[in-house]
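User: Please take a close look at one part of this model, a strand and the sheet around it. Then set that part in the context of the rest of the chain.

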Amino acid sequence: MSKTRYKNQKESNEAIAKAYIENDYTNSQNKLLLVSKANYGKISSNVCYSSVDDKGMNFYEFNKNAERNLMLIERYEWSDFSSVTINHSITKSAFTFVGHDKNRDITIEVKGKEVEQVIRNHSSMEVNVVKRPVWTKVLGYRSQTSWKMFMASTIYTLILLFILHALLPAATHNFIMELASLVLFLSIIGLLIGLIKPKWVLPKFKVKTRKRVLFSYLYLIFSCFFIAVAFTDGESTSTPASTQVSSSQNSVTVASKKDGADSSKQKVEKNDSDKAVKEEAKRKAEEQAAKEEAKRQAEKQAAKEEAERKAQQQAASQQATTSSSTSSSGNYKPFENDPSDDQQSNMSCSGQIKGNKNSKIYHVPGGAYYDRTQDNIVWFCSEADAQAAGYRKSQR
């Protein structure tokens with residue numbers, strides 16, 4: 001069978017494998033019935049295929065880069081086994097063959113039920129099919145893995161929740177929300193108890209472990225939380241005060257109609273008067289609040305202006321002091337050390353203000369760069385002297 005032929009035709013791997021298998025069975029006495037992908041328990045990076053005939057089953061390993069794409073690995077005869085247990089799922093079927101001297105676990109993809117029918121028709125093996133509940137065939141439950149089932153259950157619950165929220169009348173939302181909140185509270189308590197004593201909160205489960213408690217009650221907690229949030233109406237469930245007043249007015253009006261037209265008119269006028277009084281009181285309260293707020297704003301503005309005035313006075317005073325000290329000192333020249341020497345012993349006011357001659361920035365004791373400034377140092381006795389010499393203060 002030419003390898004080049006299949007590459008030129010750009011056939012799929014399964015088509016190439018099937019062509020090879022059909023060619024192998026050309027001179028065989030066995031009748032080829034079907035070909036399918038398979039896994040026979042060997043760890044391999046290559047895909048495996050099985051050929052099922054009336055006498056048994058061949059297993060091949062497929063390698064598209066090899067000279068011969070398909071290589072026969074193993075063959076099983078139906079007569080070698082006495083029974084087989086089959087576990088069907090949606091995408092694959094697991095076969096467990098039991099023999100007199102050996103057992104085999106084989107997985108057939110897609111065509112598992114067809115292989116089962118071949119075994120029933122062409123062998124004397126006892127066939128046992130595992131009966132799986134319908135829910136185990138649903139996506140997310142097929143592997144029976146705890147975390148996968150937890151995620152699938154949560155997603156399916158959310159989908160169902162959106163459907164119910166759209167279908168159920170709004171009158172039932174409050175009741176459902178309260179019920180979900182109650183179950184949520186009980187689930188939290190059940191989770192805490194179950195982590196200590198699993199059998200107390202898993203009465204109908206055969207396997208009573210903390211892992212089962214964790215996944216089961218976390219699912220209940222999340223589900224009830226989502227239900228409570230979804231069915232909580234946007235508006236408050238309590239009746240607004242204006243609605244209550246309106247209801248009381250309507251009830252008073254209805255009652256007054258029974259007593260006569262005059263009595264009804266008096267009740268309505270009284271209610272209108274009460275309403276006007278309430279509105280007037282509300283208006284006065286709002287005006288009073290506005291006046292107090294304006295007063296507070298005025299006080300804040302006055303305090304701000306006073307602080308600015310004091311700051312300006314203080315700055316003017318410092319400027320005057322600086323000018324006087326500069327004029328009294330005459331031609332003041334600050335001490336400047338040698339770039340390789342930061343000693344302060346020959347400066348009467350050493351240890352005070354340290355300036356950098358290159359950057360024209362001065363640093364005060366305790367500043368972030370005071371101790372780091374070691375070259376081109378100019379010493380000043382005060383910040384006023386440094387500023388008078390054209391230096392500015394470091395921001396750090």
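Analyst:
**Strand β6 and its surroundings**

In this predicted model, strand β5 (residues 81–88) pairs with β6 in the antiparallel sense, over 7 bridges. The two strands form a hairpin, with 3 residues between them. Within this pairing, Val 84 stands opposite Phe 97 of β6.

On its other pairing, β6 joins strand β7 (residues 103–109), again in the antiparallel sense and over 7 bridges. This connection is also a hairpin, through 3 residues. Here Ala 94 stands opposite Thr 107 in β7.

The side chains of β6 (residues 92–99) alternate between two faces. Ser 93, Phe 95, Phe 97 and Gly 99 point to one face and are buried. Lys 92, Ala 94, Thr 96 and Val 98 point to the other face and are not buried. Such alternation between the two faces of the sheet is what a regular strand shows in general. Two residues named above in the pairings thus fall on opposite faces: Phe 97 belongs to the buried set, and Ala 94 to the set that is not buried.

The sheet that holds β6 is open and has 8 strands, in the order β4-β3-β2-β1-β7-β6-β5-β8, with mixed pairing. Its edge strands are β4 (70–77) and β8 (126–129), each of which pairs on one side only. Neighbouring strands are turned by 30° against each other on average, direction ignored. At the β8 edge, β5 and β8 run parallel and are joined by 4 bridges. Thr 85 stands opposite Asn 128 in β8. Helix α3 (residues 112–122) packs on this sheet, and its direction makes about 30° with that of β6. Besides β6, the helix touches β1 (32–39), β2 (47–53), β3 (56–62), β5, β7 and β8.

The rest of the chain can be taken in turn, starting with the helices. The protein has 10 helices and 12 strands. Helix α7 (residues 210–230) has its axis within 8 Å of that of helix α5 (residues 173–194), and the axes cross at roughly 160°. The two helices are therefore roughly antiparallel to each other, and their crossing is left-handed. From α5 the contact draws on residues including Ile 176, Met 177, Val 183, Leu 184, Ile 188 and Leu 191, and from α7 on residues including Val 213, Leu 214, Tyr 217, Ile 221 and Phe 225. By class, the residues of the contact of α5 with α7 are 17 nonpolar, 4 polar and 1 charged.

Helix α7 also meets helix α4 (residues 146–167), where the axes come within 10 Å and cross at roughly 20°. That angle makes α4 roughly parallel to α7, and the crossing is right-handed. Among the contact residues are Trp 147, Phe 150, Leu 158 and Leu 161 of α4, with Phe 215, Tyr 219, Phe 222 and Phe 226 of α7. The contact of α4 with α7 has 11 nonpolar, 6 polar and 1 charged residues. Leu 218 and Ile 227 of α7 are listed in the contact with α5, and they are also listed in the contact with α4.

A second open sheet has 4 strands in the order β11-β9-β10-β12, with mixed pairing. Its edges are β11 (377–380) and β12 (392–393), each with a single partner strand, so one side of each is left without a neighbour in the sheet. Strand β10 (residues 361–363) and β12 pair in the parallel sense over 2 bridges, and Tyr 362 stands opposite Lys 393 in β12.

Two loop residues by this sheet's strands have a positive phi. Most residues other than glycine have a negative phi. Lys 360, in the loop between β9 (353–356) and β10, has phi near 55°. Lys 360 is partly exposed, with a relative accessible area of 38%. Asn 376 lies in the loop between β10 and β11, and its phi is likewise near 55°. Asn 376 counts as partly exposed at 24% relative accessibility.

For the protein overall, 27% of the 396 residues count as buried. Of the contacts between residues at least 6 apart in sequence, 47% join residues at least 24 apart.

Key. Residues are numbered from 1 along each chain as its sequence is written. This is a predicted model: local features need pLDDT of at least 70, side-chain atom pairs count only at pLDDT 80 or more; totals for chains, interfaces and linings use all residues. Side-chain values use heavy atoms; hydrogens and water are left out. Axes are lines fitted to C-alpha atoms, for helices over the stretch in contact, and angles run from 0 to 180 degrees between N-to-C directions. Angles under 35 degrees count as roughly parallel, over 145 as roughly antiparallel, 65 to 115 as roughly perpendicular and the rest as oblique. A crossing is left-handed if the near helix is turned anticlockwise from the far one by less than a right angle, and right-handed if clockwise. Contact means heavy atoms within 4.5 Å. Ala, Val, Leu, Ile, Met, Phe, Trp, Tyr, Cys and Pro count as nonpolar, Asp, Glu, Lys and Arg as charged, and the others, Gly among them, as polar. Buried means under 20% relative accessible area, exposed over 50%, partly exposed in between (1.4 Å probe, protein chains only). Two strands pair if DSSP finds at least two bridges between them.
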